[in-house]
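Visitor: Can you walk me through this one? Please keep it short.
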2 protein chains.
Amino acid sequence: MSSMEFSLQYRKYLDDINHEITKLSAVPDVLQKSVFSAMEYGLQGGGKRIRPVLTLAVCEMLGGCYQDALRVACAIECIHNYSLIHDDLPCMDDDAMRRGRPTCHMVFPENIALLAGDGLLNLAFELLSDKSGYTTLSAESILTLICCISRASGAWGMIGGQVIDLESEGRSDVTKERLLALHGRKTGDLIRVSAECGCICAGISDPNSEEYAKIVTFSSKLGLAFQIKDDILDVIGEESRLGKPVGSDQSCEKNTFVTLMGLEGAKEELARLTQEAKDALCGFEKPNFLLALADYLLHRDY
Amino acid sequence: MSSMEFSLQYRKYLDDINHEITKLSAVPDVLQKSVFSAMEYGLQGGGKRIRPVLTLAVCEMLGGCYQDALRVACAIECIHNYSLIHDDLPCMDDDAMRRGRPTCHMVFPENIALLAGDGLLNLAFELLSDKSGYTTLSAESILTLICCISRASGAWGMIGGQVIDLESEGRSDVTKERLLALHGRKTGDLIRVSAECGCICAGISDPNSEEYAKIVTFSSKLGLAFQIKDDILDVIGEESRLGKPVGSDQSCEKNTFVTLMGLEGAKEELARLTQEAKDALCGFEKPNFLLALADYLLHRDY
């Protein structure tokens, strides 16, 4: 797939996702309008939309229903953005900027930001569970989606990773094993489940099937590579492109793959994981977009 | 139903709920164990367990599967307790005591408490969506449950009520209409949906059916009565029984039914709503427990 073809396809996915998200984040004229505005602010923050793009791309590669995958993709993006709002709060990472604009609690009162995060998490499950919003998926498949997603975003998954992260700050004894558990849960689990959902939307929901297992391997490696790239960019990236100060991990004593393995070691690990992710797609008929996506994430500068 | 029969039945429901909750809040030996401990602390705080009791009692009255209702009841209790943890946080009501013991963020770091709330909300949806945990409910019915619950707990429901509450503090122009919207969402929606879930567990999931509509009327009136009683107890209750300081609503300039209608007016409204709730059960074969529950909530002193 040429770089131009990849860009066009990525653009199409982004447009579809953003269009859906604009629809579902419309602010109703109700007494509690402020929380809907804060939810909209969180959702409309842009970003690469990697998770929903993965859902769409995996589903398309496997021949599933695009409209159904789009709904699930947007629900996952709601969960991702709820986690960012909560992550940025004063009692958490206390971040004032994200993606080049003030974080939610800098624009809205802190309690409204907290509740907007809660609101987005509930909204995700409302979107996922509304049977009338789907075209082809069975109730059984929808339940499987909800179960996988809630597990990946809960205390065993993403929330668990956030806890390990908070409790690792300032510690000098963080091992590679702990860092892998931290990021496998904090970033990895939601990225992995985004791809799994693409699979389930295409009617492949047996985790023991060869295709499902390959998608899990691909997305697990990709998620880890994604985090390592983030750590590298925090050291060598340009502030104007990152939308946050360079070196912010170091300033709050975060343990990163760069502090653990050195810059060169992290770069090697990133290249290795990206290659292994791509290798996992061997045997699929139309892996081109996902292969190009892995390379795009490897080379991105923000 | 005699007072003794009611007490025994209530006790049975409580024992079943607490037994399930103890099972599901076991703390696993993982790196992020602290968040599971904080979730357990939140869940094990006791309380009247009104919401899950309603689910069980409505389901039993209508002849549904008790085990399935118990699962749903516990998920709703997870949601209730997540909302309490977040409500008590410093940026929200900043409460140090609840039910006679320190609030979650007084025992755990504030960020762990925040994430424990998030974890309980995710856990609720994980419990609800795991098909293997049910005995008789169809995937369609389970989806209906999840959809009703997420709507009632989200920005249109409970979260919306919390926002109206926060934005009403210190205002002297709060009308009865606004107070009804506030509490209808903040307390009422989750109580109502608890009863609706009992209905759905018994195979009655058409909101337009007579039985379903009666349960909605019953539980909506009961939820409002419950809140008015809380407001009255905040003024005339005993601190040792309430587990929090008497008059704490006034000290943070909350608008309550007592400040709006006076103590006598609030008592009359409470009696009227309780009677209307009971009247809605007319026509059911075995309404005795729910009738007694309404009286119990009317006369409670904590």
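**A helix and its cover**

Guide: The buried residues of α8(B) are covered by elements that include α2 (33–43) and α6 (110–129) of chain A, along with α4 (66–88), α7 and α9 of chain B. This is a predicted model: local features need pLDDT of at least 70, side-chain atom pairs count only at pLDDT 80 or more, and totals for chains, interfaces and linings use all residues. Residues are numbered from 1 along each chain as its sequence is written, and chains are lettered from A and ligands numbered from 1 in the order in which they are written.

Visitor: Which residues of α8(B) are buried?

Guide: M158(B), I159(B), G160(B), G161(B), Q162(B), V163(B), I164(B), D165(B), L166(B) and E167(B). Buried means that 20 or more other C-beta atoms, placed from the backbone, lie within 10 Å of the residue's own. Ten of the eleven residues of α8(B) are buried, so the rest of the structure largely encloses this helix. Helices here are DSSP runs (H or I, at least four residues), numbered from the N terminus.

Visitor: New topic. How many residues does the contact take from each chain?

Guide: Chain A gives 45 residues and chain B gives 45 residues. Two residues are in contact if their C-beta atoms, placed from the backbone, lie within 7 Å.

Visitor: Which helix gives the largest share on chain B's side?

Guide: α6(B), with 13 residues.

Visitor: And what rotation superposes chain B on chain A?

Guide: A rotation of 180°, with 0.0 Å of shift along its axis (RMSD 0.0 Å). The two copies are thus related as by a two-fold rotation axis. The fit is by least squares on the C-alpha atoms of residues with pLDDT of at least 70 in both copies.

Note on methods: Helix = DSSP H or I, 4+ residues; strand = E, 2+ residues; numbered from the N terminus. Buried ≥ 20, exposed ≤ 12 C-beta atoms within 10 Å, placed from the backbone.
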